Amino acid sequence: MNGTQEQKKSTRAFKLSVYLLALRPWSFSASFIPVVLGAVLCWRATGLFSVSLLVLTMIAVLGVHAAGNLVNTYYDYMKGIDSKVSDDRTLVDHLLTPKEVVNLGVLSYGLATLALVSLVGLSSAKMEHLSFLFFGGLSGSFLYTGGVGLKYYGVGDIVIVITFGPLAVLFSYLTQCGNVALFPLVFAIPVALSTEAILHSNNTRDMETDKKAGAVTLAIILGQQLSYVLYCLLLLAPYMICTVLSVNLSVRFLLPLITLRMAFKLERSFREGKLILLPQQTAKLNLMFGLLYTLSCSVAPLSLPR
């Protein structure tokens, strides 16, 4: 009996780990950083900050992000893009069934929507403003590979950059402050570029399998050499922006440059064709850069509208 119970516990633990793996938690920095940045910018501009609103916003945005990852897993598999050489093993290795992936995606979208309902009740922001930004992000996360599948027509990168960059920062700012401002969009640019580096490295790695399946990603359009140039630009442009901010606002914006050495290592990996783990490694850089950049925004003297 004890052996049977232990086996059941082991099976449940394995299943939970598979569900967690299917969410691709290594990519969550692309959602986590913009949410924190938006809250910090609101605090610097108005002095307003709520931990409960930050947590609910985090649940809403991460829920949409996780569901978007699951939608990507499902449609890439159903369209024959994911194969035995793919990085996403959830459906390829039959760790989960397509129905289980769909159910988990619905659950993630549902959890995110519940967080939105709570935000509508607790935040001073107008419901229509919160709903517009939230469902705009939700639509972007789904349509990247679901529905018309914008990824397969060369415009998926634009959707992801907007959704997990300016849109997420603005949504977080709105939940905290209760109103919309334009200046957070400017401060969101370095984070958006860093996030796009994750996606671009992933699409460059999967270029051949995407091409065989008939997909048209930005990496396929550019080719290997120009994709390398774009990746370098996406890696280094955030540091150039921080340098400009350090000259015009505060030297404390040089703090993210601590991660510059890591960026050069990733550039070398791309140049040498070591792309298998590059998206995960780029996500780590995104997290480290994003945390330091957010810290800079929180401690540097800024001239923000009140």
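**Reading a predicted helical model**

Modeller: Let's start with the link of Cys42 and Cys177, which is right-handed, with 130° about the S-S bond. It joins distant parts of the chain: Cys42 sits in helix H2 (residues 29-46), Cys177 in helix H6 (residues 156-177), and 135 residues separate them. Keep in mind that this is a predicted model.

Biologist: What sort of link is a disulfide, in general? And how far apart are the sulfur atoms of Cys42 and Cys177?

Modeller: In general terms, a disulfide is a covalent bond between the sulfur atoms of two cysteines. Here, the sulfur atoms of Cys42 and Cys177 are 2.0 Å apart, and the cut-off for calling a disulfide is 2.5 Å.

Biologist: How many disulfides does a search of the whole structure find?

Modeller: One disulfide turns up when the whole structure is searched.

Biologist: Are Cys42 and Cys177 buried or exposed?

Modeller: The idea is to look at relative accessible area: under 20% is buried. Cys42 has 0% relative accessibility, so it counts as buried. Cys177 has a relative accessible area of 7%, so that end of the link is buried too.

Biologist: Which cysteine sulfur is nearest to that of Cys232?

Modeller: That of Cys242, but it is 18 Å away, and Cys232 is in no disulfide. Cys232 has 13% relative accessibility, so it counts as buried.

Biologist: Where does Cys232 lie, and how far is its C-alpha atom from that of Ala197?

Modeller: Cys232 is part of helix H10. Its C-alpha atom is 8.6 Å from that of Ala197, though the two residues are 35 apart along the chain.

Biologist: Why is Cys297 not bonded to Cys242?

Modeller: Check the sulfur distance. The closest cysteine sulfur to that of Cys297 is in Cys242, 8.0 Å off, and that is too far for a bond. As for burial, Cys297 comes out at 0% relative accessibility, so it is buried.

Biologist: Back to helix H10. Is Gln224 buried, partly exposed or exposed?

Modeller: Between 20% and 50% we say partly exposed. Gln224 has 36% relative accessibility, so it belongs in that class. Gln224 has its place in helix H10, which runs over residues 218-248.

Biologist: Which residues is Gln224 in contact with, leaving aside its neighbours within four places in sequence?

Modeller: A contact needs heavy atoms within 4.5 Å. On that basis Gln224 touches Thr204, Met207, Phe270 and Leu275, leaving aside neighbours within four places in sequence. Take Phe270: it is 46 residues from Gln224 along the chain, and their C-alpha atoms are separated by 9.9 Å.

Biologist: Zooming out, how many helices and strands does the protein chain have?

Modeller: Twelve helices and zero strands. The radius of gyration is 20 Å, close to the 19 Å the globule rule gives for 306 residues, so the chain is as compact as a globular protein of that length. Along its principal axes, the C-alpha trace spans about 60 × 50 × 40 Å.

Biologist: What share of the residues of the protein chain count as buried, and what share of the contacts between residues at least 6 apart join residues at least 24 apart?

Modeller: Of the 306 residues, 53% count as buried. Among contacts between residues at least 6 apart in sequence, 75% join residues at least 24 apart.

Biologist: And what does the protein chain expose, and how many charged side chains does it have?

Modeller: About 14,400 Å² is exposed, with carbon and sulfur atoms supplying 69% of it. There are 23 positive and 15 negative side chains, and the centres of the two sets lie 7 Å apart.

Note on methods:
Residues numbered from 1 in each chain as written. Predicted model: local features only at pLDDT ≥ 70, side-chain atom pairs only at ≥ 80, totals over all residues. Heavy atoms only, no water. Helix = DSSP H or I, 4+ residues; strand = E, 2+ residues; numbered from the N terminus. Rg over C-alpha atoms; globule rule 2.2 N^0.38 Å. Buried < 20%, exposed > 50% of the residue type's maximum accessible area, 1.4 Å probe, protein only. Areas by Shrake-Rupley, 256 points an atom, 1.4 Å probe, with all protein chains shown as cover. Lys, Arg positive; Asp, Glu negative; His and termini not counted. Charge placed at Lys NZ, Arg CZ, Asp CG, Glu CD.
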